[in-house]
Structure formats: C-alpha cells, structure tokens
Amino acid sequence: MEQRDYFEEVYEVVRLIPKGRVTNYGTIARYLSLRAGARMVGWAMNGCHNRPDVPAHRVVNSVGVLSGKHFFGEPDVMQRLLESEGVQVKNDKVVDFKKVFWDPAVELAL
DNA sequence: GCGTTGACCCGAA
DNA sequence: CTTCGGGCCAACG
C-alpha cells in the first residue's frame with residue numbers, strides 16, 4: 001500500500017541493529033540484494049521519521065561517518081545517540097567502526 | 001515524461 | 001592523498 005517491500009525490509013534490518021552497534025548502507029543493500037544500491041537505503045531512511053522505530057543513527061556510510069546526522073534536526077543529535085549507546089564518535093566518525101560494525105549477513109546468519 | 005537531486009559505493013586516474 | 005565517473009532507483013519541479 002504505502003510502503004515498498006524493500007523499504008520495509010530496510011527498516012526491519014535497521015530495527016534489528018543491536019545497541020552499541022552500527023552498520024552501513026551498502027551492507028544492508030547487499031544483504032537485501034537491493035540492486036538499487038545504497039542510495040535507496042538512504043531514501044528509505046529519508047522516510048524513517050514515518051516509521052515507529054528506525055534507529056537511523058545506527059546507520060552510517062562505509063567509512064563510519066555520520067552522513068545523515070544533519071537530518072536528525074541537529075547535527076549533534078546523532079552523535080549523542082550513538083555515544084549514549086556506547087558507540088564512541090569522533091569528528092562525526094564512529095570510533096572503532098570495525099568493532100561496532102554490525103553485519104546482518106553474519107549476525108543474523110547464526 | 002525529463003532533468004536534477006539524494007542520509008551511497010566502488011573503481012580508476 | 002584527491003578528484004572524477006558510473007551505477008542503481010525514487011521523489012520533486
């Protein structure tokens with residue numbers, strides 16, 4: 001009806017992101033086999049405000065940069081949320097991104 | 001219906 | 001290291 005299937009799937013995966021963990025758009029796109037690429041994930045996140053629980057602050061780009069921090073209203077909201085969950089953020093980037101990186105293809109596979 | 005933009009990713013120069 | 005180009009899809013004017 002209103003939302004596309006992959007939109008929901010993206011929200012689903014983002015919702016499943018555990019606290020203190022982050023993922024990136026490309027990983028979600030590939031996990032869902034989205035040919036659209038990571039861009040569609042970004043657009044899906046664009047409607048995240050229309051969703052009940054979509055921790056978009058746990059979704060960052062390939063380098064762990066809070067690319068969408070500006071869309072949270074205030075640029076420091078996203079960082080604060082991540083730090084509140086135990087994710088260290090420095091210079092709008094996730095510290096130990098590789099450590100806090102959450103891969104659905106691996107975590108959900110088990 | 002076309003052109004531009006968008007919270008992206010990757011490869012090449 | 002930086003810069004450029006291609007790709008893929010959706011929404012807006």
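**View 1. Classes of residue at the surface near DNA strand B.** The surface near DNA strand B, where near means that a residue has a heavy atom within 4 Å of the strand, comprises 8 nonpolar, 8 polar and 2 charged residues, with Ala, Val, Leu, Ile, Met, Phe, Trp, Tyr, Cys and Pro counted as nonpolar, Asp, Glu, Lys and Arg as charged, and the others, Gly among them, as polar. This is a predicted model, in which local features need pLDDT of at least 70 and side-chain atom pairs count only at pLDDT 80 or more, while totals for chains, interfaces and linings use all residues. Residues are numbered from 1 along each chain, chains are lettered from A in the order in which they are written, and side-chain values use heavy atoms, without hydrogens and water.

**View 2. Residues around DNA strand B.** DNA strand B is surrounded by 18 residues, of which Arg 39, Trp 43, Met 45, Ser 62 and Phe 71 are the closest. Of the strand B atoms that come within 4 Å of the protein, 51% are accounted for by sugar and phosphate.

**View 3. Polar atoms at DNA strand B.** A polar side-chain atom of Ser 62 lies 2.5 Å from a phosphate oxygen of DNA strand B, and one of Ser 67 lies 3.3 Å from a phosphate oxygen of this strand.

**View 4. Residues and base atoms at DNA strand C.** Tyr 6, Arg 35, Ala 36, Arg 39, Met 40 and Trp 43 are the residues around DNA strand C. A backbone N or O atom of Ala 36 is 3.1 Å from a base oxygen of DNA strand C, whereas for Arg 39 a side-chain N or O atom lies 3.2 Å from a base oxygen of the strand.

Note on methods: Polar contact = N/O pair within 3.5 Å; in protein donor to acceptor, adjacent residues only side chain to side chain.
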